[in-house]
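Good morning, colleagues. Thank you for making time for this item; please look at the display before I continue.

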Amino acid sequence: MSSISQIQILLTQSHLPESLRRIGQKILQQERITSEEAITLFEEGEIGFLGALANYIREEKHGDKTYFNRNFHIEPTNVCVFSCAFCSYSRLYKNKEEGWELSIDQMMDIVKKYDGIPVTEVHIVGGVHPKMDLYYFCDLLRQIKAYRPDLHIKGFTAVELDYMFRKAKVSRLEGMQLLKDAGLQSLPGGGAEIFAPEIRKQICEDKVDGEGWLDIHRTAHQLGMPTNATMLYGHVESYADRVDHMHQLRMLQDETNGFNCFIPLKFRNGDNDMSHIAESSIIEDMKLYAVARIFMDNFPHLKAYWPMLGRNNAQLMLNYGVNDLDGTIDDSTKIYSMAGSEEQNPSMSTEEICDLITAAKRIPVERDTTYHEVKAMSEL
Ligand code: V47
Ligand code: SF4
């Protein structure tokens, strides 16, 4: 049965509350839903209904295509001046002997490990080390580009950038231009967490606020650099906080059209200062992905980051709005294994990721960072 007829049948069911029927009709007429309606979906939407709406939108936008890319991570340091309560990864600067700090040569050795391997992207992300400044990272970017010009460099969360720019006493525009000139091409979506100030106060009080995060992404978009957006969910936030977060992203996207994808990040409670908080259930995860797909109508892509969600759950989300599974990264990221994700050694070969996608009756497509198709399945 097509996804449109599935929704039409659901909308005729007599037990469906009128509020949900109206939302379903809006989706079929390609109308945007309001923040209040998104909250209604969280509160009243039953999972089959939400899944059908999200899947309809996903198939309208992308058919069965499911994207992945070939990338690797460089994590320059896990030493961090900030102290986010959910973070299992960082070591405070005052305890820095427990952490790692890579020199530029060591990071170039990581790049050289991929000689002859058809990766298209390097993702640079880490803690915030006071001695690794803007000019240090410009040097790193230049060396990577000189060594491997074809590699797209996606790097630095708004948190790292805000600190770098303040320390170097440059404006956000000046700092971003320097990084762009040195080779930075796009920004990852990290550091967004939940924008609501009362939640930020409880989970990440000392780093850039929501307004600053949005302004840094706006600045990147002004310079023609695409970015991603994340939301850390499933801890102390309410449905209204989630919707407010997504609404602010949706408004910025209306203004700039600079976001590529939205990546909900499920809070993992291993070995951090929020370990007493239970993790969200898989049903809550499915609801969240579906509502995100329905609400964020101007975001082209919805990504399930499998190293954090686990590969089986990420596969399930392909029926709840997701059309991107991130990369075939090897064990080059430690953020999630340190926070208790079931993916202790997150690595999937191209064949494994394609099998995962085809088993869900979708079509795997290798993409580059900006979603140009590198290879369709028939060529993989
Ligand atoms: O901002 C940290 C999250 C983010 C935990 O843009 C946690 O393509 C869950 O943003 N439980 C950094 N999440 C990683 C990130 C990312 C990852 C992959 C792809 C992209 C992209 C971006 O990791 C942080 C924070 O929200 N995080 N600790 C935790 N315990
Ligand atoms: Fe530092 Fe990022 Fe961890 Fe926060 S989440 S403590 S900014 S590494």
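In this predicted model, a polar side-chain atom of Lys 154 sits 2.7 Å from an oxygen atom of ligand 1. The side chain of Glu 193 also takes part: one of its N or O atoms is 2.5 Å from an oxygen atom of the ligand. A further polar contact involves the backbone, where an N or O atom of Phe 86 lies 2.9 Å from a nitrogen atom of ligand 1. In total, 22 residues surround this ligand. The closest are Lys 154, Gly 189, Gly 191, Glu 193 and Lys 303.

Phe 86 brings us to the second ligand, since that residue is also listed around ligand 2. The other residues there are Cys 80, Phe 82, Cys 84, Cys 87, Ser 90, Gly 127, Val 159 and Lys 207. By class, this shell comprises six nonpolar residues, two polar ones and one charged one.

Let me turn to the cysteines. How many disulfides does a search of the whole structure find? The number is zero. Cys 354, for example, is in no disulfide, and the nearest cysteine sulfur, which belongs to Cys 261, is 19 Å away. Cys 354 is buried, because its relative accessible area of 9% falls under the 20% cut-off. Cys 84, from the shell of ligand 2, is likewise buried, at a relative accessible area of 13%.

Next, the domains. The chain is divided into domain 1, covering 3-62, and domain 2, covering 66-379. Their C-alpha centres lie 29 Å apart. Across the boundary, 22 residues of domain 1 are in contact with 31 residues of domain 2.

That leads to the packing of the interior. The largest nonpolar core has 115 residues, and those with the most contacts inside it are Leu 179, Leu 249, Phe 262, Tyr 289 and Leu 325. Why does this core lie between the two domains? It does so because domain 1 and domain 2 both give residues to it. A second, separate core has six residues, including Cys 80, Val 128, Val 159 and Val 208. Of these, Cys 80 and Val 159 are also found around ligand 2.

Finally, consider Leu 249 in the largest core. Neighbours within four places in sequence aside, Leu 249 is in contact with Phe 195, Trp 213, Leu 214, Ala 229, Thr 230, Phe 259, Phe 262, Met 296 and Phe 299. Phe 262 is thus named twice here, as a contact of Leu 249 and among the residues with the most contacts inside the core.

Notes: Residues are numbered from 1 along each chain as its sequence is written. Chains are lettered from A and ligands numbered from 1 in the order in which they are written. This is a predicted model: local features need pLDDT of at least 70, side-chain atom pairs count only at pLDDT 80 or more; totals for chains, interfaces and linings use all residues. Side-chain values use heavy atoms; hydrogens and water are left out. A residue is near a molecule or strand if one of its heavy atoms lies within 4 Å of it. Ala, Val, Leu, Ile, Met, Phe, Trp, Tyr, Cys and Pro count as nonpolar, Asp, Glu, Lys and Arg as charged, and the others, Gly among them, as polar. A nonpolar core is a set of buried Ala, Val, Leu, Ile, Met, Phe, Trp, Tyr and Cys residues joined through side-chain atoms within 4.5 Å. Buried means under 20% relative accessible area, exposed over 50%, partly exposed in between (1.4 Å probe, protein chains only). Domain bounds come from an automatic or database domain assignment. Contact means heavy atoms within 4.5 Å. A disulfide is a pair of cysteine sulfur atoms within 2.5 Å. A polar contact is a pair of N or O atoms within 3.5 Å; within protein, one must be able to donate a hydrogen and the other to accept it, and residues adjacent in sequence count only if both atoms are side-chain atoms.
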